[in-house]
Amino acid sequence: MVEPLKEFTALSRPRLLLRAARLGLRDYHRATHLPRLLGQALPAQNSLVLRRLMEKETALNAQRRLGAIGYRVADHLDLLIAMMDEARRIGLTEETAPDPNRAPAPDQENASGIDSFLRAT
């Protein structure tokens, strides 16, 4: 199974949609928005939350590409915003979690791709 964070960074969506979602991160409140988007009890792991959001977003993206009448760009933006927030949370968790098998690395730039993904759009 592919890690949700890697799958997220590989997504390719229209630039305008991603730029709008990035701007929406400022007003995103996880406790308020996430239960509305998932409509169920939230999983304990951020990676499972991201996986569920990505499943919903994939379906919405298919509607967008087909030009479906029921497609709403606002719904798509809500999901993308939540996905960006969850990816950021996962990235922060992975960066701060100590790995006992890993030797300390020299100072280097973060290469996870999330920040680059958000800046490029």
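Begin by selecting helix α3 (residues 30–38) together with α4, which pack at an angle of about 50° with their axes 11 Å apart; the axes are lines fitted to C-alpha atoms over the stretch in contact, and angles run from 0 to 180 degrees between N-to-C directions. That angle makes α3 oblique to α4, a word for angles outside the ranges under 35 degrees (roughly parallel), over 145 (roughly antiparallel) and 65 to 115 (roughly perpendicular). This is a predicted model, in which local features need pLDDT of at least 70, side-chain atom pairs count only at pLDDT 80 or more, and totals for chains, interfaces and linings use all residues. Residues are numbered from 1 along each chain as its sequence is written, and side-chain values use heavy atoms, with hydrogens and water left out.

Next, show the side chains where the two helices are in contact (heavy atoms within 4.5 Å): Arg-30, Leu-34, Leu-37 and Leu-38 come from α3, while Asn-46, Val-49, Arg-52, Leu-53 and Lys-56 come from α4.

Now select α4 alone, residues 46–66, whose end C-alpha atoms are 30 Å apart, in agreement with the 30 Å that its 21 residues should span at 1.5 Å a residue, the expected span being 1.5 Å times one less than the number of residues. Its buried residues (under 20% relative accessible area, 1.4 Å probe, protein chains only) are Val-49, Leu-50, Arg-51, Leu-53, Met-54, Glu-57, Leu-60 and Asn-61. Just after α4, select Gly-67, which takes a positive phi of about 75°.

Finally, display the whole chain, which has six helices and zero strands, counted as DSSP runs (H or I, at least four residues, for helices; E, at least two, for strands) numbered from the N terminus.

Methods:
Buried means under 20% relative accessible area, exposed over 50%, partly exposed in between (1.4 Å probe, protein chains only).
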